[in-house]
Amino acid sequence: MKKNEPAADVASIMAGTTIAGLYEAARALDGVAKKTRLLPSPFFSALGENDVYLKPENLQNTGSFKLRGAYNKIAHMTEEERAKGVITSSAGNHAQGVALAAERLGVKAVICMPATTPLLKVEATRSYGAEVVLAGDTFDDAYQRSRELQAEKGYVYVHPFNDRDVLLGQGTTALEIIDELKDVDAILVPIGGGGFASGVAFAAKSVRPEVKVIGVEPQGAACMAASFAAGRVTTLAQIETVADGCAVKTPGDLTYAFCRKYLDDIITVSEMEIMSALLFLIEKHKLIAEGAGVLSLAALARLPFKGRKVVAILSGGNIDISTISALISKSLIARGRIFCFAVQLPDKPGQLLKVAEIVARENANVIKLVHNQASVTDSFQQVQLEVTVETHNQEHIARLVAALAKEGLPVTKIY
């Protein structure tokens with residue numbers, strides 16, 4: 001969400017937010033949201049030297065935790081407000097959460113989405129009965145259109161994070177965690193605009209104050225960490241991250257206040273750490289999550305303690321196949337599992353075989369060869385061979401490069 005809505009009165013809202021509201025939200029969500037069961041993770045436990053459990057909200061109805069907050073918000077509207085219908089703008093998980101919540105409660109829902117939104121997401125939102133309005137090429141365009149329609153039609157706006165009922169709904173995630181793992185020591189939760197982290201931190205501290213709650217942000221969109229450092233809500237000049245569900249420039253003023261009061265720490269993680277976490281999740285647990293969904297996993301190796309019981313929340317799994325493919329490829333390259341290089345060869349028979357023999361001897365597996373006789377080189381008697389191989393890690397790549405160089409075949413790394 002790129003637009004931040006100011007809460008009416010942060011201090012009074014916080015003062016009026018109680019544990020009773022959490023349990024009201026849990027009752028409202030009973031039979032609507034899945035109680036996603038914790039999954040023990042031997043792999044991630046070993047990686048971070050803690051006893052790690054996964055909270056798979058990527059398996060939640062609509063594919064993310066967003067249903068919890070959206071449903072709780074609409075469930076607590078008055079009959080008069082419900083009669084007006086609801087509206088929001090989103091190209092992601094919030095859209096589907098609002099759409100399903102409205103369908104379950106018999107409320108008209110209008111979702112404004114950029115015209116560039118993938119058809120799969122548009123149709124998923126429509127499948128829950130919402131009216132989808134495509135407007136402009138960017139989120140800002142869709143947001144502007146949603147506000148115009150709100151003013152024109154009198155709809156009630158459902159904000160994705162800067163709202164008490166929304167964050168209380170998200171907080172039910174923590175209630176489930178503590179109910180299932182009563183001696184949990186720490187919970188890791190992703191931060192975008194801060195609604196999820198606010199709700200989880202408030203719930204955990206209300207039920208078991210000793211539980212550490214740590215927010216996780218991508219380095220390329222760490223708006224809450226920047227706000228903490230500045231001591232006030234801060235807007236980032238630009239954002240860039242594969243965790244598009246957390247690509248928020250400005251946190252909410254309400255969520256900032258909640259996170260400031262209840263979060264124990266914020267960890268920022270790199271793009272490579274995010275992509276590596278996604279690949280590990282697929283390999284070790286056979287689970288799919290989006291970039292934002294694996295932020296908590298990416299932070300496990302950065303925790304300042306060992307031997308504790310830690311729950312990492314997988315916040316969502318709505319990711320298209322092409323994006324998964326691109327992220328997996330980048331992860332494999334970063335981890336040294338795929339290596340592409342170019343080598344100059346004399347333009348005569350037997351040279352390709354020579355390279356293949358060296359690669360085989362070093363236990364690498366060729367997956368692609370491009371033999372380019374028309375390439376521009378310093379000599380007309382040479383050609384360029386581009387080779388893509390499967391390798392084990394960066395050390396394996398170094399051994400392969402050294403073996404080729406020893407045979408008079410220095411290589412140029414492509415990726």
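Which cysteine sulfur is closest to the sulfur of Cys 246, and how far away is it? Keep that in mind while you load up this predicted model, and start the tour there.

**Stop one: the cysteines.** Select Cys 246 and Cys 223 and draw a distance between their sulfurs. The sulfur in Cys 223 is the closest cysteine sulfur to that of Cys 246, at 8.7 Å, which is too far for a bond. A pair has to be within 2.5 Å to count as a disulfide, and by this rule the count comes to zero. While you're here, color by accessibility: Cys 246 counts as buried because its relative accessibility is 5%. Then jump to Cys 112, which is buried too, at 0% relative accessibility.

**Stop two: a four-stranded sheet.** Next, pick out strands 12, 13, 11 and 14. They form an open sheet in the order 12-13-11-14, and the pairing is antiparallel. Strand 12 (365–372) and strand 14 (411–413) are the edges, each pairing on one side only. Look along the sheet: neighbouring strands are turned by 25° against each other on average, direction ignored.

Now zoom in on strand 11 (residues 338–346) beside strand 14. These two pair in the antiparallel sense over three bridges. Select Val 343 and you'll find Val 411 of strand 14 standing opposite.

**Stop three: a nonpolar patch.** Switch to a surface view and select Leu 352, Val 366 and Leu 369. Together they make a nonpolar surface patch of about 220 Å². Leu 352 belongs to helix 16 (residues 351–361). Is Leu 352 buried, exposed or partly exposed? At 37% relative accessibility, Leu 352 counts as partly exposed.

Technical notes:
Residues are numbered from 1 along each chain as its sequence is written. This is a predicted model: local features need pLDDT of at least 70, side-chain atom pairs count only at pLDDT 80 or more; totals for chains, interfaces and linings use all residues. Side-chain values use heavy atoms; hydrogens and water are left out. Two strands pair if DSSP finds at least two bridges between them. Axes are lines fitted to C-alpha atoms, for helices over the stretch in contact, and angles run from 0 to 180 degrees between N-to-C directions. Patches are made of residues with over 30% relative accessible area and no salt bridge: like charges are joined within 9 Å, nonpolar side chains (Val, Leu, Ile, Met, Phe, Trp, Tyr) within 5 Å. Accessible areas come from the Shrake-Rupley method with a 1.4 Å probe; for residues, only the protein chains shown count as cover. A salt bridge is a side-chain nitrogen of Lys or Arg within 4 Å of a carboxyl oxygen of Asp or Glu. Buried means under 20% relative accessible area, exposed over 50%, partly exposed in between (1.4 Å probe, protein chains only).
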